[in-house]
Amino acid sequence: MTRRTRGRGAAAVALLAGVPVVFLAVFFVWPVGHIVERGLRPNGSWDLGVVGAVLRAPSTRHLVWFTLWQAAASTLLTLALGLPGAYVVARFDFRGKALLRAAITVPFVLPTIVVASAFLGLFGTRGIFAGVVDLDGSIWAILIAHAFFNYAVVVRTVGGLWSHLDPTLDDAARTLGASRWRTLREVTWPLLRSAVASAAAIVFLFSFTSFGVVLVLGGQRYATLEVAIKRATLDRLDLPTASVLALVQLAAVVALLLSFAATSSRRGVRQRLLATGDVARRPRGRAEHWFVAANLAVMAVLLGTPIAVLVERSLHPTTGYGLDFYRALFDTPARAARFVPPLDAIRNSLEFAVVATAIALVVGGLAAFAVAGRGRGRRPLDLLLMLPLGTSAVTVGFGFLISLDRPPLDLRSSWIIVPIAHSLVAIPFVVRILVPVVRSIDDRLHEAAALLGASPARTWREVDLPIVRRAALVAAGFAFAISLGEFGATLFIARPDRPTMPVAIFRFLSQAGAANFGAAMAMSTILMVVTAAAILLIERFRTPGLGEF
Amino acid sequence: MRRVIALLVAVGLGASAIGCSSDTKPRAQASQSASGSESVRGQTITLVTHDAFAVTDSVLKAFSDRTGITVNVVKGGDAGAVVNQAILTKDHPQGDVLYGIDNTLLSKGLDAGLFDPYVSPSLSSTDRTFDLDAQHRITPVDESDVCVNYDKRATTVSSLDDLRKPEFKDKLVVENPATSSTGLAFLVATVAKFGEDHYLDYWRALKANGVKVDDGWDQAYNNDFTLGSGGTGSRSVVVSYATSPPADALFATPPKTTSDVGSVDDGCFRQIEFVGVLKGTSHSAAAHAFIDFMLSKAFQEDMPEQMFVYPVRTDAALPELFTSLAAKPAHPVDVPQDQISANREKWIRDWTAAVLG
């Protein structure tokens with residue numbers, strides 16, 4: 001039986017992997033390769049002297065070191081705050097939980113420049129907490145901002161699996177006399193490890209390649225590789241330096257991913273997954289109530305206050321409170337002609353997000369089954385899929401500009417290029433969310449299905465699909481949110497007639513005057529509401545799914 | 001209605017104007033565009049420009065209705081980033097016309113051979129001191145002054161020298177010249193004012209006095225300037241534009257006729273923005289028609305309240321806010337164009353080492 005499964009697996013993997021491989025080759029490897037080649041082969045001959053020069057420069061070492069340690073620190077902080085939150089969301093029922101799950105994802109999509117502005121409003125020299133803390137230009141502002149953005153990654157990735165773990169395992173361990181801590185360490189942790197590692201890898205990558213947060217909150221003092229690549233490419237057109245730094249970043253990301261793969265090579269433990277309804281319950285006793293309350297407080301402070309600052313500002317014209325900024329968004333006097341009509345921006349964002357989510361689910365979904373299978377190519381494929389997260393949006397955007405500019409792929413003037421760029425960022429999330437779930441599917445279910453005469457396709461449809469459906473919805477929510485908030489690549493390839501909400505916010509901010517700033521804040525608030533609504537809606541569609549077997 | 005009449009006048013003027021170039025080739029192209037207006041009907045041209053580009057819908061629509069040309073606008077970030085993208089995509093340009101390259105970046109675009117020459121018939125109606133390229137590869141459209149701005153409620157600044165004084169400790173925020181065209185203009189102004197030998201001393205003094213450097217204008221003005229709309233800024237002096245006061249008044253809620261933003265008439269850099277036909281376009285007649293439109297009275301009079309810049313057309317009327325609130329600097333610094341071209345990268349490098357190093 002095992003041999004048969006393996007043989008079928010290899011063929012299926014090849015089939016499953018084909019689509020993602022071609023997609024990434026065309027829309028990632030080729031454009032990025034093209035721009036790097038332009039940097040290292042300026043006049044038709046390779047100039048590798050620049051590689052040594054850039055690598056030897058002390059400034060490069062500083063860059064790499066800072067990028068690494070701030071990413072590690074951000075990951076630890078995010079895990080420390082997020083894992084208890086994941087437990088609360090996975091295991092406890094309380095009023096407003098669905099809303100909370102959607103709300104915690106909102107920070108993830110906010111344009112970094114808006115968030116940085118909110119953080120300055122809280123922790124800056126004249127912020128609300130002025131006198132208590134002044135984090136302007138401090139490393140803590142960067143770390144906390146990274147935790148703000150990535151909290152949802154931990155809660156949703158880890159919480160997604162945790163909510164399916166069988167709590168009777170814990171109960172059994174406790175009954176046998178294990179302490180709470182020992183139960184956590186020896187029963188829960190082995191089952192959760194792959195999801196935690198996945199979340200940590202994503203948070204690390206996100207912090208490692210952080211751009212907007214470091215650009216605004218880091219001032220001129222702190223710069224990540226990503227920021228340095230942006231400056232070399234966009235501001236100086238120093239493509240040789242940009243190419244070398246891009247390769248350094250890529251090499252670092254590959255090394256990180258390989259070491260991640262090595263430490264988590266033990267697969268997720270095959271286990272019985274339950275429907276969340278069977279797992280979550282109301283908190284019991286004083287300790288549990290306190291634990292839930294403490295975590296809700298962390299969410300309120302970490303995620304709530306910056307958002308509250310944004311909303312407050314959008315409602316705060318010079319005199320009193322009111323909806324002036326929102327009204328101004330919707331009536332377009334002649335002098336506001338430069339502005340993007342907000343309804344158009346919302347529609348553009350939603351349309352792009354739907355297409356990007358569809359692409360990410362198809363490409364990422366196929367890839368997840370290929371990666372979770374046993375084919376030989378699954379490791380390289382897994383790696384390839386993660387690379388776009390480790391590549392500068394500027395590199396990708398500029399790569400698109402010079403490589404997708406002629407038939408048969410003359411996409412520079414087509415709208416589809418925007419959702420494609422968004423999906424490049426979303427696919428790794430889809431894969432990371434789906435793989436642990438797919439791996440956890442008990443092989444005996446396959447065997448039973450095969451034994452009962454089901455074809456592989458039918459087995460997939462009736463065994464695998466129902467199990468991954470819920471995870472796929474979580475992944476869809478993420479992909480949708482990523483597309484709504486994506487700004488980096490959009491900036492370089494946004495179709496002129498199709499500006500998205502983040503692009504509109506950015507345009508408001510590039511003009512003087514309170515009305516423009518207020519409009520940016522109002523648009524940011526709308527972006528948050530649309531995101532939360534979209535995620536809520538997607539979760540509505542989720543079927544009882546896992547409860548069916 | 002006034003705008004329509006202005007447009008008709010502008011078109012009439014344009015047709016009767018005579019290009020005054022000594023170069024015969026561009027003149028031939030000029031006459032071709034004037035007579036070939038029928039052939040451009042139905043064409044779509046793409047305008048590549050920076051984020052600050054804006055035009056009133058009705059003004060642009062009048063152009064499209066009259067010529068039959070549809071204008072597609074692609075915005076690519078800060079002016080510097082737009083020029084860099086144009087250089088990168090030179091072999092397959094993203095558009096037909098590029099607007100927004102300024103006199104600090106001009107040589108970069110010209111050296112890269114981005115533009116085809118064109119002499120607009122309307123050029124004769126503009127202030128010719130802004131016409132900086134003898135080969136007419138670019139056409140001046142507008143000008144504005146990068147100046148030191150301050151919060152009138154908190155302080156008064158009368159010269160760049162003031163900013164070295166102890167009372168301005170931790171009060172100034174500027175833009176990085178490597179990443180912002182505003183910052184680059186101010187750097188050039190300090191070179192002109194203090195001289196090649198001493199400008200870095202000035203900057204070291206600013207550094208010792210706690211100058212904050214931001215990547216771009218929006219961060220500096222919105223987040224760090226005390227009158228910035230974020231409301232959290234702690235810096236009462238910022239490098240911005242002489243036209244910030246009218247922008248501040250127009251975009252106040254509700255709009256007002258006064259402003260607390262003051263602009264210093266010292267060490268201002270006159271930034272001239274140009275438009276050019278991107279080499280390789282297959283719509284050169286339509287591109288020429290669009291450049292003529294940018295020089296038309298309708299567009300030139302629309303610009304001030306859209307982009308907060310001054311028209312280059314000598315007969316364009318200014319909106320009232322500009323005449324009441326924006327004092328045009330009397331003595332902007334005077335830097336020869338070839339000095340900027342020759343030293344731009346060196347100045348940025350030296351500045352980076354002195355201020356950020």
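What percentage of the 549 residues in chain A is buried? I looked that up before anything else, and the figure is 52%. A reminder to myself: this is a predicted model.

**Chain A, overall**

I found 23 helices and two strands in chain A. I then turned to contacts between residues at least 6 apart in sequence, and 83% of those in chain A join residues at least 24 apart.

**Confidence**

Chain A has a mean pLDDT of 80, with 86% of its residues at 70 or more. I went looking for the extremes among its elements. Helix 3 of chain A (residues 58-91) has the highest confidence, at 92, while helix 12 of chain A (residues 276-279) has the lowest, at a mean of 61. I also checked two stretches where pLDDT stays under 50. One is residues 1-6 of chain A, with three contacts beyond four places in sequence. The other is residues 543-549 of chain A, for which the model has 15 such contacts. Where pLDDT is low, the predicted coordinates should not be read in detail, so I moved on.

**Where the chains meet**

How many residues does each chain give to the contact? Chain A gives 41 and chain B gives 46. On the chain A side, the elements that supply two or more residues include helix 5 (112-123), helix 17 (393-403), strand 1 (405-406) and helix 22 (501-509). Helix 23 of chain A makes the largest contribution to that side, five residues. I sorted the chain A side by class and got 18 nonpolar, 11 polar and 12 charged residues.

Helix 22 of chain A made me pause. Nine of its nine residues are buried, so this helix is largely enclosed by the rest of the structure. Its buried residues include A:Arg507, along with A:Phe506 and A:Phe508.

**The nonpolar core**

I asked which residues have the most contacts inside the largest nonpolar core. They are A:Val430, A:Leu434, A:Ala475, A:Ala479, B:Val97 and B:Phe290, in a core of 279 residues. I followed A:Val430 further, leaving out residues up to four places away in sequence: A:Val430 touches A:Ala475 and A:Ala479, and its other partners are A:Ala360, A:Leu361, A:Gly364, A:Gly365 and A:Ala368.

**Two residues looked up one by one**

A:Leu303 is in helix 13 of chain A (residues 285-314). Why does A:Leu303 count as buried? It counts as buried because it has 24 C-beta neighbours inside 10 Å, and the cut-off is 20 or more. Beyond four places in sequence, A:Leu303 touches A:Ile104, A:Pro107, A:Phe148 and A:Tyr151. I also took its separation from A:Val106: 197 residues along the chain, but 8.8 Å between C-alpha atoms.

A:His164 sits in the loop between helix 6 (139-162) and helix 7 (167-175) of chain A. I wondered whether A:His164 is buried or exposed, and its 23 C-beta neighbours inside 10 Å make it buried. A:His164 and A:Leu401 are 237 residues apart in sequence, and their C-alpha atoms are 44 Å apart in space.

**A strand pair in chain B**

Last stop, chain B. Strand 1 (residues 44-49) and strand 2 (residues 70-75) of chain B run parallel and are joined by six bridges. B:Thr49 stands opposite B:Lys75 in strand 2 of chain B. From strand 1 of chain B the chain passes through helix 3 of chain B (residues 57-67) to strand 2, and I noted this β-α-β crossover as right-handed.

Definitions and conventions
Residues numbered from 1 in each chain as written. Chains lettered and ligands numbered in written order. Predicted model: local features only at pLDDT ≥ 70, side-chain atom pairs only at ≥ 80, totals over all residues. Contact = placed C-beta atoms within 7 Å. Helix = DSSP H or I, 4+ residues; strand = E, 2+ residues; numbered from the N terminus. Nonpolar A, V, L, I, M, F, W, Y, C, P; charged D, E, K, R; others polar. Buried ≥ 20, exposed ≤ 12 C-beta atoms within 10 Å, placed from the backbone. Core = buried A, V, L, I, M, F, W, Y, C linked by C-beta atoms within 7 Å. pLDDT = per-residue confidence, 0-100. Pairing = 2+ DSSP bridges. Right-handed = clockwise from strand over helix to strand, strands pointing away.
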